[in-house]
Structures are given as C-alpha cells and as structure tokens.
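Q: I would like to learn how to read the features of a protein model, one step at a time. Could we look at one together?

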Amino acid sequence: MPVTLRPAKPSDEPALGRMGAALAQLHHGFDGPRFMLPEDVEAGFREWLGREAHEPDAIVLVAELDGEVVGYAYGRVEPMDWNALLDRAGAFHDLWVDAKARGTGVGAQLAEELMRRLTALGVPRVVLHAAAKNESAQRMFARLGWRPTMVEMTREAAAAPKKS
C-alpha cells in the first residue's frame, strides 16, 4: 500500500508525541549535554506539535502507511534573522520515520512535501540542521539538494580550553 502524506490532525497527536520523543532521545544519545531531554518529552512534543499544526506559518505533516502514522515532518516560516544573517526563510525543524518504514522512501517524500509546502508560503529557501552524528540524514538531505552552509560547535560552560 502506498504512503499517504497529509497535514497532521488532532487525532495524530499521540503519534506525534511518540515520534517527537524518539527524535529527542536519538539526538540526546548523540550528545547528551547539547540536546535537552525533558522529563515528559512525549507530552511536550504532543502539545507542541499539536499546537503548531494550527499555526498559519507552520507545517506539520504525517506519513501514513496501512492506516498507521509512521513518520512526520515539521517546519515553519521564520522571519529575517540578523544574528544568523538569514533572510526570511523556511526552517525545516523535524523529520522522523519509524524503523519499520525506513528505507522505503518515506523520509524523502516527507522532506520533499515539506519543502513544497514551505515554498508555497513564499519563502525563497529552506534551511535545516542535522545532528553532526546523523550521517544517514545528512546523506539523504544532500541527495535531495540541500548543501552544507554552517557548522554548529558547542562548548560546555564548565570546560576549560585545551592549552597547546
């Protein structure tokens, strides 16, 4: 059965919470000090994405396979940001595909549909961040036409610089 991509609806909120929590746990596993993992992360994502799904400048999509939500993508239109030297743009914030649907093209379909919908809102470009250790996501985004433009670096406040 083919995958169906559609805007998220209130009945998807439990799945969005579960998948958002899985995404947060993955990132926290990559670098615990950098990526927060609140106590009830699933409830937080359920509430956050449920609210964002109703915002006119936000897009929350789900991928449905055999009647089950197996992935989501979330992005929004962001205003000009002088600190980032970034004109008004689409921000591609989240992409998650459950393990059972990986390798089927669902992630690429979600990414392309989110790109299409954000550009339909009038943004000239879409920017995303991928975790440094998430090489498979970086490869997929590169195949879809994204290019590296920035490198985020993090230093904990308690860390002293290494002496050369």
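**Reading the fold step by step**

A: Let us begin with the order of the elements, keeping in mind that this model is predicted. Read from start to end, the protein chain follows the pattern β-α-α-β-β-β-α-β-α, and in total there are four helices and five strands.

Q: What radius of gyration would a compact globule with 164 residues have, and what does the protein chain have?

A: For 164 residues, a compact globule would be expected to have a radius of gyration near 15 Å, and the protein chain, with 17 Å, agrees with that. Along the principal axes, the C-alpha trace spans about 60 × 35 × 30 Å. Of the 164 residues, 38% are buried, and the accessible surface of about 10,400 Å² belongs to carbon and sulfur atoms for 55% of its area.

Q: Among contacts between residues at least 6 apart in sequence, how many join residues at least 24 apart?

A: In the protein chain, 63% of those contacts join residues at least 24 apart. V3 gives a case to look at, and its place is in the segment before β1 (residues 4-7). V3 and A63 are 60 residues apart in sequence, yet their C-alpha atoms are 6.3 Å apart in space. Neighbours within four places in sequence being left aside, V3 is in contact with A63, E64, L65, V106 and Q109.

Q: Is V3 buried or exposed?

A: The cut-off to remember is that a residue with under 20% relative accessible area is called buried. V3 has a relative accessible area of 19%, so V3 is buried.

Q: How should I read a helix that has both buried and exposed residues?

A: The general idea is that an α-helix has 3.6 residues a turn, so residues three or four places apart point the same way. In this structure, helix α4 runs over residues 135-143, and A137, M140 and F141 are buried there. These three cover an arc of only 95° around the axis, which puts them on the same side of α4. On the other side of α4, E135 and R143 are exposed.

Q: What covers the buried residues of α4?

A: The cover includes β4 (89-97), α3 (106-120) and β5 (126-128). Before α4 there is also N134, whose place is in the loop between β5 and α4. N134 is buried, with a relative accessible area of 14%, and, residues up to four places away in sequence not being counted, N134 touches L26 and F30.

Q: Which residues are worth a look when I read the phi angles?

A: The general idea is that most residues other than glycine have a negative phi. Here, D66 has a positive phi of about 55° although D66 is not a glycine, and D66 lies in the loop between β2 and β3 (68-78). L85 likewise has a positive phi of about 55° without being a glycine, and L85 lies in the loop between β3 and β4. With a relative accessibility of 56%, D66 counts as exposed, and L85, with a relative accessible area of 74%, is exposed as well. A glycine can be added to this reading, for G145, just after α4, takes a positive phi of about 110°.

Q: How do I compare two residues that follow one another, such as E52 and A53?

A: Take the place, the exposure and the contacts in turn. E52 is found in helix α2, while A53 is found in the loop between α2 (41-52) and β2 (58-65). At 5% relative accessibility E52 counts as buried, whereas A53 is partly exposed, with a relative accessible area of 28%. Neighbours within four places in sequence being left aside, E52 is in contact with A58, V60, Y74 and R76, and A53, on the same terms, is in contact with A8 and V60.

Q: How many positive and negative side chains does the protein chain have?

A: The protein chain has 20 positive and 23 negative side chains, and the centres of the two sets lie 6 Å apart.

Key: Residues are numbered from 1 along each chain as its sequence is written. This is a predicted model: local features need pLDDT of at least 70, side-chain atom pairs count only at pLDDT 80 or more; totals for chains, interfaces and linings use all residues. Side-chain values use heavy atoms; hydrogens and water are left out. Buried means under 20% relative accessible area, exposed over 50%, partly exposed in between (1.4 Å probe, protein chains only). The arc is that of the directions from the helix axis to the C-beta atoms. Contact means heavy atoms within 4.5 Å. The radius of gyration is taken over C-alpha atoms; the globule rule is 2.2 Å times the number of residues to the power 0.38. Accessible areas come from the Shrake-Rupley method with a 1.4 Å probe; for residues, only the protein chains shown count as cover. Lys and Arg count as positive and Asp and Glu as negative; His and the chain ends are not counted. The place of a charge is taken as NZ of Lys, CZ of Arg, CG of Asp or CD of Glu.
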